[in-house]
Amino acid sequence: MDRMISDEEVIEIGRKLKALREKRGLTQQEFADELYWDVSSYQKIESGKALMTLDKAVQIHRNYDVDLNYFVADDLYDEDDVLKQIVANASKEKTARLMIRLFEYFIRLLKSDLKE
């Protein structure tokens with residue numbers, strides 16, 4: 001049976017989105033502008049009056065390296081377990097691609113630290 005998302009979950013997603021925005025030190029307008037979203041639509045999502053669409057969640061993931069589980073999971077995942085599952089279930093080619101992406105991510109972090 002399909003489960004509908006509850007009002008409490010919509011509010012929680014908005015709270016997490018607000019926390020992400022505040023962590024970046026942005027106003028609602030600035031955050032919406034960075035994402036090319038209409039600010040009134042953003043405000044409805046952040047206040048829990050509207051549900052963020054999947055394409056918007058993916059955009060946040062791509063722009064800010066936020067795991068989509070951040071918005072939908074009630075508990076934090078264990079990174080070690082996630083890595084074990086990936087290695088155990090992925091082909092060698094897919095594992096290699098994922099490792100390359102991981103290294104690229106670390107290189108970006110190191111470069112950003114050097115700029116500061």
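**Entry 1: helices α2 and α3.** I looked up how helix α2 (residues 28-35) lies against helix α3 (residues 39-46) in this predicted model. Their axes come within 9 Å and cross at roughly 115 degrees. I therefore recorded α2 as roughly perpendicular to α3. I noted the handedness of this crossing as right-handed.

**Entry 2: the contact.** Which residues make the contact? From α2 I listed Q28, Q29, F31 and A32. From α3 I listed V39, Y42, Q43 and E46. By class, the residues of the contact of α2 with α3 comprise four nonpolar, three polar and one charged.

**Entry 3: aromatic pairs.** I next searched for paired rings and found that the structure holds four aromatic pairs. I examined the pair F31 and Y64, whose ring centres are 5.4 Å apart. Their planes stand at 15 degrees, and planes under 30 degrees apart count as stacked, so I entered the pair as stacked.

I then located the two partners: F31 lies in helix α2, and Y64 lies in helix α4 (residues 54-64). The pair therefore ties together parts that are 33 residues apart in sequence.

**Entry 4: accessibility of the pair.** Are F31 and Y64 buried or exposed? I read 0% relative accessibility for F31, which therefore counts as buried. For Y64 I read 13%, and Y64 also counts as buried because the cut-off is under 20%.

**Entry 5: the cluster.** Finally, I checked which aromatic residues group with F31. F31, W37, Y42 and Y64 form one aromatic cluster. Of its members, I had already recorded F31 and Y42 in the contact of α2 with α3.

Notes:
Residues are numbered from 1 along each chain as its sequence is written. This is a predicted model: local features need pLDDT of at least 70, side-chain atom pairs count only at pLDDT 80 or more; totals for chains, interfaces and linings use all residues. Side-chain values use heavy atoms; hydrogens and water are left out. Axes are lines fitted to C-alpha atoms, for helices over the stretch in contact, and angles run from 0 to 180 degrees between N-to-C directions. Helices (H or I, at least four residues) and strands (E, at least two) are DSSP runs, numbered from the N terminus. Angles under 35 degrees count as roughly parallel, over 145 as roughly antiparallel, 65 to 115 as roughly perpendicular and the rest as oblique. A crossing is left-handed if the near helix is turned anticlockwise from the far one by less than a right angle, and right-handed if clockwise. Contact means heavy atoms within 4.5 Å. Ala, Val, Leu, Ile, Met, Phe, Trp, Tyr, Cys and Pro count as nonpolar, Asp, Glu, Lys and Arg as charged, and the others, Gly among them, as polar. Rings of Phe, Tyr and Trp (its six-membered ring) pair if their centres lie within 6.5 Å; planes under 30 degrees apart count as stacked, over 60 as edge-to-face and the rest as tilted. Buried means under 20% relative accessible area, exposed over 50%, partly exposed in between (1.4 Å probe, protein chains only).
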